[in-house]
Amino acid sequence: MSLWNRLLTIPHPDPEVQRRGRNLLIIGLTLSAMSILAIPLVMIQPDPLPQLVANLTGLTLVLVLLVIARLVGSTRQRFG
């Protein structure tokens, strides 16, 4: 199984939950990529520190939510 498929697979028996989880992961990965791509634009601003902190905070929160989404899907399969 490729890395991309492994990243986007939500281990849950309900296909509706799998679809919602996959959509959440795609949106989160897209937001993360856009945040990373925006860092050079932030760095050329006159005072980049507040914008950089906001950008990195948002990136961190999105990545944490993606990890939580994967953990909840796998926990529901084991204990649900």
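Helices here are DSSP runs of H or I with at least four residues, strands are E runs of at least two, and both are numbered from the N terminus.

**View 1. The whole chain, end to end.** This is a predicted model, where local features need pLDDT of at least 70, side-chain atom pairs count only at pLDDT 80 or more, and totals for chains, interfaces and linings use all residues. Residues are numbered from 1 along each chain as its sequence is written, and side-chain values use heavy atoms, leaving out hydrogens and water. Starting at the N terminus, the protein chain reads α-α-α, with 3 helices and 0 strands. Of its 80 residues, 21% are buried (buried is under 20% relative accessible area, exposed over 50%, partly exposed in between; 1.4 Å probe, protein chains only).

**View 2. Along helix α2.** Here are residues 15–43, 29 of them. At 1.5 Å a residue, times one less than the number of residues, the expected span is 42 Å; the end C-alpha atoms sit 42 Å apart, which agrees. Still, α2 bends by about 30° at Leu-37 (the angle between axes fitted to the seven residues ending there and the seven starting there). A proline, Pro-40, follows within four residues. Tucked away as buried in α2 are Gly-21, Leu-25, Gly-28, Ser-32, Ser-35 and Val-42.

**View 3. Leu-65 and its neighbours in the patch.** Leu-65 belongs to helix α3, residues 48–79. With 54% relative accessibility, Leu-65 counts as exposed.
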